[in-house]
Amino acid sequence: MRKPGGVLILTTNDGRQEETDTFTCAHCNKIVPVRPFQRPEDIGGRCGGCGGLICPDCVSRGTCDPIEEKLARAEAAYHARRSYGI
Ligand SMILES: [Zn+2]
Ligand SMILES: [Zn+2]
């Protein structure tokens, strides 16, 4: 597994602060904490479409829907609304 994307400080149940590695879901942009020695398939998975690491929610959706395309769609909708004067 390649190096995850960042570090997140989690507060544990007994109030300690713990650093945990994270990755950003390639589909919904969610920050997903990664426990040491977890395999990618335990924390989500790798998308067969775009090859990015994705969160369990997106794995269960079973489709490739990268965040870049969502943003592009949102922007297109925004410009469409503006051109209608709404
Ligand atoms: Zn996701
Ligand atoms: Zn994908």
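Is Cys64 buried, partly exposed or exposed? Cys64 is partly exposed, with a relative accessible area of 36% (buried means under 20%, exposed over 50%, partly exposed in between, with a 1.4 Å probe and protein chains only).

The model is predicted, so local features need pLDDT of at least 70 and side-chain atom pairs pLDDT 80 or more, while totals for chains, interfaces and linings use all residues. Residues are numbered from 1 along each chain as its sequence is written, chains are lettered from A and ligands numbered from 1 in the order written, and side-chain values use heavy atoms, without hydrogens and water.

**View 1. The site of the zinc ion (ligand 2).** His27 (NE2), Cys47 (SG), Cys50 (SG) and Cys64 (SG) are the protein donors, at 2.0 to 2.4 Å from the ion (donors are N, O and S atoms within 2.8 Å of the metal, or 3.2 Å for Na, K and Ca; water is not among the atoms, so sites may look incomplete). The 4 donor atoms subtend angles of 103 to 118 degrees, and the arrangement is therefore tetrahedral (four donors with all angles between 85 and 135 degrees). Along the chain these donors follow the spacing H-x19-C-x2-C-x13-C.

**View 2. The site of the zinc ion (ligand 1).** Its protein donors, Cys25 (SG), Cys28 (SG), Cys55 (SG) and Cys58 (SG), lie 2.3 Å from the ion. This site is also tetrahedral, with angles of 105 to 115 degrees among the 4 donor atoms.

**View 3. Cys28 and Cys58.** Cys28 is partly exposed, at 31% relative accessible area, whereas Cys58 is buried, at 2%.

Terms used: Tetrahedral: all angles 85-135°; square planar, octahedral: opposite > 155°, others 65-115°. Helix = DSSP H or I, 4+ residues; strand = E, 2+ residues; numbered from the N terminus.
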